[in-house]
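Please open the model in your viewer and keep the selection panel at hand. The stops below go from one selection to the next.

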2 protein chains.
Amino acid sequence: MSERAVTISEVARHAGVAVSTVSYVLSGKRAISADTRRRVLDSVRVLGYHPNAGARALASKRANVIALVLPLRAGMHVPVLMQFATSVVTAARQYDHDVLLLTADEGSDGLRRAAASALVDGLVLMDVELHDSRVPLLKDLAEPSVLIGFPADSAGLTCVDLDFARAGALCVEHLAERGHTEVALLGAPSVVYDRGTGFARRTREGFTAAVADTGLKGVALSCEENFDQVSTVIAELLDTRPGLSGLVVHNEAAVNHVLGALRQHGRRVPDDVAVVAICPDDIAERSSPPLTSVLIPAEEVGRQAVRLLMEKLEGHTVPEDTLLQPRLTVRDST
Amino acid sequence: MSERAVTISEVARHAGVAVSTVSYVLSGKRAISADTRRRVLDSVRVLGYHPNAGARALASKRANVIALVLPLRAGMHVPVLMQFATSVVTAARQYDHDVLLLTADEGSDGLRRAAASALVDGLVLMDVELHDSRVPLLKDLAEPSVLIGFPADSAGLTCVDLDFARAGALCVEHLAERGHTEVALLGAPSVVYDRGTGFARRTREGFTAAVADTGLKGVALSCEENFDQVSTVIAELLDTRPGLSGLVVHNEAAVNHVLGALRQHGRRVPDDVAVVAICPDDIAERSSPPLTSVLIPAEEVGRQAVRLLMEKLEGHTVPEDTLLQPRLTVRDST
DNA sequence: ACCGATTATCGAAGCGCTTCGACAGAGGCG
DNA sequence: CGCCTCTGTCGAAGCGCTTCGATAATCGGT
């Protein structure tokens, strides 16, 4: 156990200056002579001074903490969510902010509490539904917020996400270029569509529209996450659609089951059936064969979300919608 | 955007009492007449008062926030980590605390900063290695901490975890009871063992000891997480050990690959090979066939970690080691 | 050599809360 | 009835920091 915490006044005394001078050295909000600055910084180092977060928050009305609101809903792929979360934390630290983790079980009250108590300066919300109960609250809060994902009506909100519609279309276009004429989308579990989760629906819309545009035959299905169900769906698909030769899989948990089921049914990838996935690179690379895929740029999304939030905290206005363009990486499955 | 935040003095004025009286009503630290209490609570409700977290932290020297230190290392199964994290958050809220999320990229400095600035009152560390660089720092900090997992030398620390050695043994004993005479452990990726992650090694030790105790033949292998490598390992195993009929799998990401590989090699589960997994119930239940398994009681571990931390924050002494007993659920794979 | 502008620093007033000691008033006891 | 003990409430003193306005020192221009 170490001794009592060092305060700013001890630093001031040690450096032979006023408390306010130390504060200005640390914040850089007023000009300070090089000599004084050095003396102060030396004292800070020698004494091991760390500003008290509570005092700072009280005096400056800025906690330097943002909330990350992360409900963990059924059917969501947790590793991807954690990629977002990690990049939010990393980005926040670059702006000298910390991250408070809020989960689902308090519901919207958690947001209200954290905001009203000035625990946090702003909010990043993940796993946004089309009709998300947290959204009305956001407009009520004094604190700025950024959503990762789009609700049905995003007017007045700041939202960031991969352009999933475009991603879905991109997969279809790739298969079309490879000469496939009949394709299928295996999407999220049905519960995710039912809940109205934006990204799942938008991928499906992009897929469907692109199928129409390119003149292919195509069908979009939901896809559960256990092997037997995947195997059944694949069997049916192969059975009822003999012309089918291209598969788009937008379901991280099921993607390996899909490959397993194709193997089980004697289909080779990519010779008999081509597969494009929308999933993180590590999953695509680790599959057998490695999958052609559109990755979800979680790191970039998280970083942008934080950047936008920081802009809003500065009082700047920011674009409402930020859609990141998907990129397709060709591997061995198409 | 809502109006300026309500302060305690506005509540006091509204209720016709002193500021300190409001404080005592809210904290319950002094006796207050029923009548006054009611008036104050009414005013709190009417005005929508939320105490300012910074001011409270400054005056009381308690931030009511704990840090959750969660490095996301390669080879760790993220959904399981998130189960821990979620239960830590939920449990913390029950003690009226919030959770600050710290990740790896700041290293130990993040801990030091959060602790020294009084941002947090205590720490919960996850993903502990046998020789964890964060551990020496902990003994230096004034703030109490609890580890989820055990380092090599846990003396002076408070640690909670599933008794993985016992879990490994339990799986072997179950297979022995079922009459199997030759078994294998498929464990974590080799990088996890190399890093010296406690839970992987302890499971292996428990497995090995139990194999010796029960007089079975057995081998413990590490296990990578892509299908081809799993398939190769399984093939070798079946080839070189014709008597092998029991498998213990301690690798959430590989467990489905193991089943796929057995299927590929024409082995039926459980008729030809019995499989016991150490993994969350949802994975075990969703597999085909549903797996006999020992689950990792993430919710319980997280809850205990928080409970112990809160005890320490109260100044109580707590046991150094808390090992939760594993329980095996029999399903269709053995 | 003097004046106004500029630069560097200081002191003090809060930020909103908790907590300590003080103190009225009520109640119990001899 | 006086004294003492509780109860319930109040006022004030911080907690450690930021920020505002004031002031002293410095400087260039004439």
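Begin by selecting DNA strand D together with H2 and H4 of chain A and H2 and H4 of chain B, each of which supplies at least two residues of the surface near that strand; helices (H or I, at least four residues) and strands (E, at least two) are DSSP runs, numbered from the N terminus. This is a predicted model, in which local features need pLDDT of at least 70 and side-chain atom pairs count only at pLDDT 80 or more, while totals for chains, interfaces and linings use all residues. Residues are numbered from 1 along each chain as its sequence is written, and chains are lettered from A and ligands numbered from 1 in the order in which they are written.

Around DNA strand D there are 29 residues, the closest being A:Ile8, A:Ser20, A:Ala59, B:Ser20 and B:Ala31, where near means that the C-beta atom, placed from the backbone, lies within 6 Å. The largest share of this surface, six residues, comes from H2(A).

Next select DNA strand C, where A:Ser20, A:Ala31, B:Ile8, B:Ser20 and B:Ala59 come nearest among the 30 residues around it. Here the largest share, again six residues, is supplied by H2(B).

Staying in chain B, select helix H1 (residues 8–15) and helix H2 (residues 19–27), whose axes come within 8 Å and cross at roughly 100°; axes are lines fitted to C-alpha atoms, for helices over the stretch in contact, and angles run from 0 to 180 degrees between N-to-C directions. H1(B) is therefore roughly perpendicular to H2(B), a term that covers 65 to 115 degrees.

Now colour by chain and ask: what turn and what shift lay chain B on chain A? A turn of 180° and a shift of 0.0 Å along the axis do so with an RMSD of 0.1 Å, with superposition by least squares on the C-alpha atoms of residues with pLDDT of at least 70 in both copies. That is the relation of a two-fold axis.

Finally, select strand E2 (residues 98–102) of chain A and strand E2 (residues 98–102) of chain B, which pair in the antiparallel sense over three bridges; strands pair if DSSP finds at least two bridges between them. Within this pairing, A:Leu100 has B:Leu100 as its bridge partner. Both E2 strands belong to an open sheet of 12 strands with mixed pairing.

Technical notes. Parallel < 35°, antiparallel > 145°, perpendicular 65-115°, else oblique.
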